[in-house]
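Visitor: Got a minute to go through a model with me? I'd like to start with strand pairing and then look at some backbone angles.
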Amino acid sequence: FGDGSRRYRPEDLALLRDLARRGALALDNALLYRAVQRTQVRQASLATLGQEALGGMDFAQLAQHAAEELARVMAVPLVEVLELTADRSELLLAAGIGWKQGHIGSATVRAGTGSQGGYTLTTVGPVILDDLSTEKRFTPPPLLVDHDVVSGVTVLIGSPAHPVGVLGTHTTEKRTFADEDVNFLQSVANV
């Protein structure tokens with residue numbers, strides 16, 4: 001360090017290595033602690049939603065509470081619960097968080113490749129959206145464009161053979177969703 005005139009003894013270097021090792025260990029422990037905390041919060045949220053479902057809470061209330069929990073736990077500004085219409089041509093925004101006034105209960109997106117939600121119905125797994133402005137798999141629907149969505153992830157509600165709808169979370173900034181985010185979202189959809 002400095003002008004380079006100082007010479008370090010082997011004991012000094014050993015001390016620096018030990019300090020670096022301890023610092024790395026402290027950082028690893030902090031990251032592990034945060035991961036455990038996230039897991040505990042997610043498990044508690046799932047348990048609450050599961051109890052409400054088993055207790056007979058109606059779909060509309062359960063869907064809205066699930067949206068609220070997802071927004072809180074995943075720290076996202078937009079959550080959508082899309083319900084497949086009877087003719088299977090559209091998905092209705094049945095519940096959610098962050099959407100403009102009047103959208104819940106009236107806004108729809110097209111099924112198939114006409115929207116992320118519709119595209120989710122055609123796939124087996126989750127649909128992860130890195131950047132809506134560069135998306136090629138489906139047509140960005142006005143619902144997402146009008147809310148400045150950039151990134152998101154959607155999963156199927158129900159089974160591929162008998163879909164009920166789609167559950168999704170979205171952000172207005174670029175975000176990479178981790179596997180644990182996708183797994184949590186799918187777990188909520190399974191309730």
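Visitor: Which residue in strand 5 is the bridge partner of Val127?

Guide: That's Thr154. Keep in mind that this is a predicted model.

Visitor: OK. How many bridges does strand 4 make with strand 5, and in which sense do they pair?

Guide: Three bridges, antiparallel, with strand 4 covering residues 127-129.

Visitor: And what about strand 5 with strand 6, how many bridges there?

Guide: Eight, and that pair also runs antiparallel, strand 6 being residues 163-171. Leu156, for one, has Val166 in strand 6 as its bridge partner.

Visitor: How many residues sit between the two strands of that hairpin?

Guide: Four residues lie between strand 5 and strand 6.

Visitor: Is strand 5 mostly covered or mostly open?

Guide: Mostly covered, with seven of its eight residues buried.

Visitor: Switching to backbone angles: which residue between helix 4 and strand 5 should I look at?

Guide: Try Asp148, in the loop that links helix 4 (142-145) to strand 5 (151-158). Its phi is positive, about 55 degrees, and it isn't a glycine. Most non-glycine residues have a negative phi.

Visitor: Is Asp148 buried or exposed?

Guide: Exposed, because its relative accessible area is 55% and the cut-off is over 50%.

Visitor: What's the phi of Arg88?

Guide: About 65 degrees, so positive, although Arg88 is not a glycine either. You'll find Arg88 in the loop between strand 1 (78-84) and strand 2 (90-97).

Visitor: Why does Arg88 count as partly exposed?

Guide: Because its relative accessibility is 48%, and partly exposed runs between the 20% and 50% limits.

Note on methods: Residues numbered from 1 in each chain as written. Predicted model: local features only at pLDDT ≥ 70, side-chain atom pairs only at ≥ 80, totals over all residues. Heavy atoms only, no water. Buried < 20%, exposed > 50% of the residue type's maximum accessible area, 1.4 Å probe, protein only. Pairing = 2+ DSSP bridges.
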